[in-house]
Amino acid sequence: MSEKPKLMVVDDESNNLDLLYRTFRREFQVFRAENASLGIEILEKEGEMAVIISDQSMPDMTGVEFFIETKDSFPDTIRILLTGYAEEQINSDLDEIQQADIFKCVTKPCSPQELRNVIQECLEVYKTKKGL
């Protein structure tokens, strides 16, 4: 990849958007969306992202609903769900998570290094899907 891969962060908390932007701006072209609806608009304008990180709890739609809404248009995008929920809650939503084609669920709070490792793994999967 000659240019930086695209990463979108969808979260209704501006502090999280800023932190994730600062964490990944050197390796990625980072797009920020304050809600799922704006995330959809950005995808329509910018096209496929290599990786999308979405918070689960947002006012307009959940992260899982956002991923279900966008996965058919962008099947190669690697999806990460950030959640504050306990593992039991994630397991109870397993069918929806599978339907949304979510690669990883990351429980908040998590360290920037942990998220960096997950993103690196996602980028490798994306490159493999794209034959890069």
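Pro-109 sits in the loop that joins strand 5 (102–107) to helix 6. Helices (H or I, at least four residues) and strands (E, at least two) are DSSP runs, numbered from the N terminus. The peptide bond from Lys-108 to Pro-109 is cis, with omega near -5°. Most peptide bonds are trans. This is a predicted model, in which local features need pLDDT of at least 70, side-chain atom pairs count only at pLDDT 80 or more, and totals for chains, interfaces and linings use all residues. Residues are numbered from 1 along each chain as its sequence is written, and side-chain values use heavy atoms, with hydrogens and water left out.

Strand 5 has a second backbone feature on its other flank. Asp-101 lies in the loop between helix 5 (94–99) and strand 5. Its phi is positive, about 60°, although Asp-101 is not a glycine. Most residues other than glycine have a negative phi. Asp-101 counts as partly exposed because its relative accessibility is 37%; buried means under 20% relative accessible area, exposed over 50%, and partly exposed in between (1.4 Å probe, protein chains only).

Now take the loop between strand 1 (6–10) and helix 1, which holds Asp-11. Is Asp-11 buried or exposed? Asp-11 is buried, because its relative accessible area is 0%. Contact means heavy atoms within 4.5 Å. Leaving aside neighbours within four places in sequence, Asp-11 is in contact with Asn-16, Leu-17, Ala-33, Glu-34, Asp-55, Met-58 and Lys-108. Lys-108, one of these partners, is also the residue that precedes the cis bond to Pro-109. Asp-11 and Asn-35 are 24 residues apart in sequence, yet 5.9 Å apart in space, C-alpha to C-alpha.

Next comes the pairing of helix 1 and helix 6. Two packed helices are described by the angle between their axes and the distance between the axes. Here the axes of helix 1 (residues 14–24) and helix 6 (residues 112–130) come within 11 Å and cross at roughly 65°. Axes are lines fitted to C-alpha atoms, for helices over the stretch in contact, and angles run from 0 to 180 degrees between N-to-C directions. The crossing is right-handed. A crossing is right-handed if the near helix is turned clockwise from the far one by less than a right angle, and left-handed if anticlockwise. Helix 1 contributes Leu-20, Thr-23 and Phe-24 to the contact, and helix 6 contributes Pro-112, Leu-115, Arg-116 and Ile-119. These residues divide into 5 nonpolar, 1 polar and 1 charged. Ala, Val, Leu, Ile, Met, Phe, Trp, Tyr, Cys and Pro count as nonpolar, Asp, Glu, Lys and Arg as charged, and the others, Gly among them, as polar.

These two helices also help to line the largest pocket, each supplying at least two residues. Which helix gives the most to that lining? Helix 1 does, with 5 residues. The volume of this pocket is about 200 Å³. On a 1 Å grid over the protein atoms alone, a pocket is an open set of points with protein on both sides within 12 Å along at least five of seven lines, and lining residues have an atom within 4 Å of a point. Grid points are joined across faces, edges and corners, and a volume is the space filled by probe spheres set on the points. The lining has 13 residues, and Asn-16, Leu-19, Leu-20, Cys-110 and Leu-115 lie nearest the centre of the pocket. Leu-20 and Leu-115 also take part in the contact of the two helices. By type, the lining divides into 8 nonpolar, 3 polar and 2 charged residues.

Ser-14 also lies in helix 1. Ser-14 counts as partly exposed because its relative accessibility is 45%. Its C-alpha atom is separated by 23 Å from that of Glu-48, 34 residues apart along the chain.

Three further positions complete the tour. Thr-70, in helix 3 (residues 63–71), is buried, with a relative accessible area of 6%. Not counting residues up to four places away in sequence, Thr-70 touches Ile-40, Leu-43 and Arg-79. Thr-62 lies in the loop between strand 3 (51–55) and helix 3, and is partly exposed at 24% relative accessible area. Glu-46 belongs to helix 2 (residues 36–46) and is partly exposed, with a relative accessible area of 27%. Beyond its neighbours within four places in sequence, Glu-46 is in contact with Lys-6 and Phe-31.

Conventions
1 Å grid on protein atoms, 1.4 Å probe; cavity = no way out; pocket = protein on both sides within 12 Å on 5 of 7 lines; lining within 4 Å.
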